[in-house]
Amino acid sequence: MHENIGELLTIDDMAQAAMYSKFHFSREFQRVTGVSPGRFLSALRIEEAKRLLMATALTVTEISHRVGYNSVGTFSSRFASSVGVSPSMFRQLKGFTTRIQIAPCGGANPDLATVRGEIRASVAGDLGCVFVGLFPTRIPEGRPAACTVLPRPGSFCLEQAPAGTWYLLAHSVPASMGEVLTGDQELSVGSVGPIEARPDIPLLPVELRLRPIRALDPPVLMALLDVRAEAFTAASIAG
């Protein structure tokens with residue numbers, strides 16, 4: 001996938017490269033990564049588009065074609081829904097955003113649950129602020145159902161979590177990160193799930209361990225919060 005990011009890849013192509021039947025390949029790929037091959041490829045394309053927006057002067061149209069989209073409109077729409085801002089705005093903001101919007105709960109008085117636990121780091125390192133959020137899939141994209149930002153690994157509490165089945169996803173950018181993030185290779189990530197959040201049943205504390213991102217981890221598609229400007233205040237996150 002990485003070597004043919006802009007090509008028209010089918011499940012048959014991928015399965016043949018892995019020397020599996022396409023059905024066995026799809027099952028094993030989802031078991032290992034947590035998402036389907038098609039969703040993983042789509043996420044890699046958006047991740048590469050993010051990198052090209054930061055590292056090159058290519059136009060949005062040129063980038064859309066490089067990552068396998070025939071329509072710049074389709075690409076821009078998919079990028080905005082995954083990252084949270086348009087490609088042009090992402091470039092203007094240098095890969096960061098000052099606000100993270102929460103997904104609407106879908107009702108005036110939704111049932112809310114509390115998800116709490118501990119974020120730990122597998123190895124001592126240059127970890128900075130830690131983003132923690134609830135998402136419907138293993139890919140951190142779009143608007144989280146609930147989220148918080150910790151100044152460092154430690155205890156967290158999401159008190160306004162909508163009832164439902166979620167994945168708890170976390171990532172951390174190194175504290176020494178410069179002005180521009182050009183790829184996910186610098187991130188530490190972790191995930192737990194699926195977990196069932198219900199207001200009538202207390203959820204046991206969740207432990208999530210951060211580690212350096214690996215090739216088979218789904219990329220972090222949402223724009224990273226600009227903690228350099230201390231944009232992780234409650235008002236910014238809830239905005």
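Helices and strands are here DSSP runs, helices of at least four residues and strands of at least two, and they are numbered from the N terminus. The structure described below is a predicted model.

Met19 is found in the loop between H1 and H2, and the two helices on either side of this loop, H1 with residues 11-18 and H2 with residues 22-33, pack at an angle of about 85 degrees with their axes 9 Å apart. Because angles of 65 to 115 degrees count as roughly perpendicular, H1 is described as roughly perpendicular to H2. On the side of H1, the contact is made by Ile11, Asp12, Met14, Ala15 and Ala18, which meet Lys22, Phe25 and Ser26 in H2. Sorted by character, the residues of this contact divide into 5 nonpolar, 1 polar and 2 charged.

The backbone also deserves a careful look, since most residues other than glycine have a negative phi, and most peptide bonds are trans. Two residues with a positive phi are set out in the table.

| Residue | Phi | Loop | Relative accessibility |
|---|---|---|---|
| Met19 | near 60 degrees | between H1 and H2 | 75%, exposed |
| Lys94 | about 60 degrees | between helix H6 (87-92) and strand E1 (96-97) | 44%, partly exposed |

Met19 counts as exposed because its relative accessibility is 75% and the cut-off for exposed is over 50%, whereas Lys94, at 44%, counts as partly exposed.

A further backbone feature is the cis peptide bond that joins Gly193 and Pro194, where omega is about 0 degrees, and Pro194 itself is found in strand E7, which covers residues 188-197.

Terms used
Residues numbered from 1 in each chain as written. Predicted model: local features only at pLDDT ≥ 70, side-chain atom pairs only at ≥ 80, totals over all residues. Heavy atoms only, no water. Axes fitted to C-alpha atoms, helices over the stretch in contact; angles between N-to-C directions. Parallel < 35°, antiparallel > 145°, perpendicular 65-115°, else oblique. Contact = heavy atoms within 4.5 Å. Nonpolar A, V, L, I, M, F, W, Y, C, P; charged D, E, K, R; others polar. Buried < 20%, exposed > 50% of the residue type's maximum accessible area, 1.4 Å probe, protein only.
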